[in-house]
Amino acid sequence: MDGGDGTADLVINKRFVSESELEERRKRRQEEWEKVRKPEDPEECPEEAYDPRSLYERLQEQREKKQQEFEEQFKFSKHQKLLF
């Protein structure tokens, strides 16, 4: 698969984040927070909520919510047709 141009080396599965990367993210988030912060909001950006669930679990939850919304919408439109 490697065409000799080193593209195979570009595919890296990174699992860990360094402390400096975390600090850079906090700094960027704080800068964004300063742009949208209201006077009554805290000066420091609130920490992101940690969700221990796997990506699959989070996506599954979103899918179920969308399915429920679709079914509610369908019930509503079906009910409307019955009234008219």
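**Trp33, a pocket and some salt bridges**

Reader: In this predicted model, which residue's backbone oxygen does the side chain of Trp33 reach at 2.9 Å?

Author: Trp33 belongs to helix H1, which covers residues 19-36. Apart from neighbours within four places in sequence, its contacts are Asp41, Pro42, Glu43, Glu44, Cys45 and Pro46. The backbone oxygen that the Trp33 side chain reaches at 2.9 Å is that of Pro42.

Reader: Is Trp33 buried or exposed?

Author: The relative accessibility of Trp33 is 16%. Buried means under 20%. Because its value is 16%, Trp33 counts as buried.

Reader: How many charged residues are in the lining of the largest pocket?

Author: The largest pocket holds about 230 Å³ of space. Its lining consists of Leu22, Arg25, Arg26, Arg29, Glu47, Glu48, Ala49 and Tyr50. Three of the lining residues are nonpolar and none is polar, while the number of charged ones is five.

Reader: With which residue does Arg26 form a salt bridge at 3.2 Å?

Author: Arg26 is partly exposed, at 31% relative accessible area. Its partner also lies in helix H1, three residues away, about one turn of the helix. The closest N and O atoms are 3.2 Å apart, and the partner is Glu23.

Reader: Which residues do salt bridges that share partners join into one network?

Author: Arg53 meets Asp51 in a salt bridge of 2.7 Å, N to O. The side chain of Arg53 also meets that of Glu61, at 2.7 Å. Salt bridges that share partners make one network of Asp51, Arg53, Glu61 and Lys65.

Definitions and conventions. Residues numbered from 1 in each chain as written. Predicted model: local features only at pLDDT ≥ 70, side-chain atom pairs only at ≥ 80, totals over all residues. Heavy atoms only, no water. Helix = DSSP H or I, 4+ residues; strand = E, 2+ residues; numbered from the N terminus. Buried < 20%, exposed > 50% of the residue type's maximum accessible area, 1.4 Å probe, protein only. Contact = heavy atoms within 4.5 Å. Polar contact = N/O pair within 3.5 Å; in protein donor to acceptor, adjacent residues only side chain to side chain. 1 Å grid on protein atoms, 1.4 Å probe; cavity = no way out; pocket = protein on both sides within 12 Å on 5 of 7 lines; lining within 4 Å. Points joined across faces, edges and corners; volume = space filled by probe spheres on them. Nonpolar A, V, L, I, M, F, W, Y, C, P; charged D, E, K, R; others polar. Salt bridge = Lys/Arg side-chain N within 4 Å of Asp/Glu carboxyl O.
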